[in-house]
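This report describes a single protein chain for a reader at the bench. Please keep the sequence and the model in view while reading.

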Amino acid sequence: MKAWMEEYGRGHKMLREAIEGISEEELRFKPAPDHWSIHQIIIHVTDSEILSTHRMRKVLAENEPLLYSFDQDQWVDELRYDVLDREQHLQLFESLRLSMQPILDHLTEEQAERGGVYPDGLRFTFKQLLEYRVQHIRGHLAQIERVRDAYRATQS
Ligand code: NI
């Protein structure tokens with residue numbers, strides 16, 4: 001659990017490092033019409049963080065609450081991620097993670113095992129939700145690398 005918390009705390013730094021020095025053209029590049037640009041990935045990661053921070057707080061505050069998911073592709077289109085401000089979202093992501101830090105610092109074993117249930121009946125504990133947050137960033141960092149490879153391929 002400690003290692004997950006530590007990486008959770010570094011998520012913002014990892015994202016910043018992954019996009020450091022990348023040109024706006026590359027940040028907006030889409031490997032295919034239905035694939036996300038790095039810009040869109042950053043906004044998605046933040047939107048996902050808004051929902052999951054709420055989810056993590058709900059699990060701690062309420063007794064076996066109902067948890068919600070979102071249709072991520074629909075959000076990209078309907079919220080027009082292309083016109084949203086990336087820097088604002090990076091700051092928001094950082095604030096969300098920082099806001100959880102005192103909660104994590106004082107987390108008891110009982111709290112770590114508290115859970116919530118999705119409409120399909122799947123139950124997740126706070127600990128699992130936290131681990132999923134870390135894996136979510138890992139997955140999207142790998143995706144950013146794939147987009148960068150695809151961009152480089154168009155430049156040669
Ligand atoms: Ni995602």
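Leu 130 has a relative accessibility of 0% and therefore counts as buried, where buried means under 20% relative accessible area, exposed means over 50%, and partly exposed lies in between (1.4 Å probe, protein chains only). The model is a predicted one, in which local features need pLDDT of at least 70 and side-chain atom pairs count only at pLDDT 80 or more, whereas totals for chains, interfaces and linings use all residues. Residues are numbered from 1 along each chain as its sequence is written, and side-chain values use heavy atoms, with hydrogens and water left out.

**Residues of helix α7**

Leu 130 belongs to helix α7, which covers residues 126-155; helices (H or I, at least four residues) and strands (E, at least two) are DSSP runs, numbered from the N terminus. Apart from its neighbours within four places in sequence, Leu 130 is in contact with Met 1, Trp 4, Met 5, Tyr 8, Met 56 and Leu 104, contact being defined as heavy atoms within 4.5 Å.

Val 134 is also placed in helix α7. Its relative accessible area is 2%, so Val 134 is buried. When residues up to four places away in sequence are not counted, Val 134 touches Trp 4, Glu 7 and Tyr 8. Val 134 and Trp 4 are 130 residues apart along the chain, yet their C-alpha atoms are separated by 6.8 Å.

A further residue of α7 is Gln 143. Gln 143 is buried because its relative accessible area is 17%. Not counting residues up to four places away in sequence, Gln 143 touches Trp 36 and Ile 41.

**Helix α3 and its pairing with α1**

Helix α3 has 24 residues and reaches 34 Å from its first C-alpha to its last, close to the 34 Å expected at 1.5 Å a residue. The expected span is 1.5 Å times one less than the number of residues in the helix. Of the 24 residues of α3, 19 are buried, so the helix is largely enclosed by the rest of the structure.

Thr 46 is found in α3, and its relative accessibility of 0% means that Thr 46 counts as buried. Leaving out residues up to four places away in sequence, Thr 46 touches His 89, Leu 90, Leu 92, Phe 93 and Leu 96. Between Thr 46 and Leu 130, which are 84 residues apart along the chain, the C-alpha separation is 15 Å.

How do the axes of α1 and α3 cross? The axes of helix α1 (residues 2-19) and helix α3 (residues 38-61) come within 12 Å and cross at roughly 170 degrees. The angle therefore makes α1 roughly antiparallel to α3. Axes are lines fitted to C-alpha atoms, for helices over the stretch in contact, and angles run from 0 to 180 degrees between N-to-C directions. Angles under 35 degrees count as roughly parallel, over 145 as roughly antiparallel, 65 to 115 as roughly perpendicular and the rest as oblique.

On the α1 side, Tyr 8, Leu 15 and Ile 19 meet Ile 38, Ile 42, Val 45, Glu 49 and Met 56 of α3. By class, this contact has 7 nonpolar, no polar and 1 charged residues. Ala, Val, Leu, Ile, Met, Phe, Trp, Tyr, Cys and Pro count as nonpolar, Asp, Glu, Lys and Arg as charged, and the others, Gly among them, as polar.

**Loop residues**

Leu 107 lies in the loop between α5 (86-105) and α6 (109-112), and counts as buried at 17% relative accessibility. Beyond its neighbours within four places in sequence, Leu 107 is in contact with Met 1, Met 5, Leu 60, Ala 112 and Phe 126. Leu 107 and Phe 124 are 17 residues apart in sequence and 17 Å apart in space, C-alpha to C-alpha.

Two loop residues with positive phi are listed below; neither is a glycine.

| Residue | Loop | Phi | Relative accessibility |
|---|---|---|---|
| Glu 64 | between α3 and α4 (72-78) | about 45 degrees | 36%, partly exposed |
| Arg 80 | between α4 and α5 | about 50 degrees | 55%, exposed |

**Annotated domain**

UniProt, in an unreviewed entry, places the feature "domain: DinB-like" at residues 10-144. UniProt positions are given in the numbering used here, feature names are shortened, and annotations may be inferred rather than shown by experiment. In the model, the end C-alpha atoms of residues 10-144 lie 17 Å apart, and the span is 66% helix and 4% strand.
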